[in-house]
Amino acid sequence: QDVRALSNTADALAKKSALHAAVVLTEDLDGASPAQFAAQYYQEQYQKGSTGFLVLINNETGEDHVYTSGACSLYLEDAAIDLAVAQATPMLVEGKFRQGIERLLELGSLMPELVYDSAGILSREQHDGFLAAAQELNDKTKKRCGVLLVHSIEISEEQELQDAMRAYADLQREQLEMDRLLVVAVNDTCCAVSGTD
């Protein structure tokens, strides 16, 4: 039940913020430091440089770790991570794993909305610039408009890239609860807008 509930929390976070959120509990770091183990595990699960974070509950040495990647490494500051770990640690020590992990997953709520860099290619300055432009557009149009950057999208053999992009943009706009969404597939050099009037 705890695993299912935490998976649902991570899935909801992924849909709301277009980022990867993962939790690993282990009693064997295989000779690596907590930071090395978390980084390697994240990069094996997700594309390198993608936006997300991984919570490592380390029962071998007791030193837990939060690994950040992409835009999460730009916006999840050390002070916020340290506070979340400090608040979660007593729960974890008492065996209240679900509550402790939920507190750590709350870090995802600190990520800005409207600009979602799942490809992890924007600098903090670029990200902030897009955020300001998106906020200005939202204020002007009174609509919720945003941008999603991804590495690439999967397409079936029967689909054309542009048709697949449009379908993907529609799905992402719905999940992110946007009125309009520009999706850019960086590796495919293709984009689509969903929700235009």
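The paragraphs below follow the salt bridges through this predicted model.

Side chains of opposite charge can pair when their charged atoms come close. With a salt bridge taken as a side-chain nitrogen of Lys or Arg within 4 Å of a carboxyl oxygen of Asp or Glu, the count for this structure comes to eight.

One of these pairs joins R103 to E106, whose closest N and O atoms are 3.4 Å apart. The two partners can be described by their accessibility: R103, with a relative accessible area of 17%, is buried because it falls under 20%, whereas E106, at 43%, counts as partly exposed.

Another pair links E113 with R144, and here the closest N and O atoms are 3.1 Å apart. E113 lies in the loop between α5 (97-105) and β4 (115-117), while R144 lies in the loop between α6 (124-141) and β5 (145-150), so this salt bridge ties together parts that are 31 residues apart in sequence. Both ends of the pair are partly exposed, E113 with a relative accessible area of 29% and R144 at 27%.

A further salt bridge is set within a helix: the side chains of D128 and R124 meet at 3.2 Å, N to O, and both residues belong to α6, where they are four residues apart, about one turn of the helix. D128 is partly exposed at 33% relative accessibility, and R124 is likewise partly exposed, at 32%. Beyond such pairs, salt bridges that share partners join D2, R98 and E102 into one network.

Definitions and conventions. Residues are numbered from 1 along each chain as its sequence is written. This is a predicted model: local features need pLDDT of at least 70, side-chain atom pairs count only at pLDDT 80 or more; totals for chains, interfaces and linings use all residues. Side-chain values use heavy atoms; hydrogens and water are left out. Buried means under 20% relative accessible area, exposed over 50%, partly exposed in between (1.4 Å probe, protein chains only). Helices (H or I, at least four residues) and strands (E, at least two) are DSSP runs, numbered from the N terminus.
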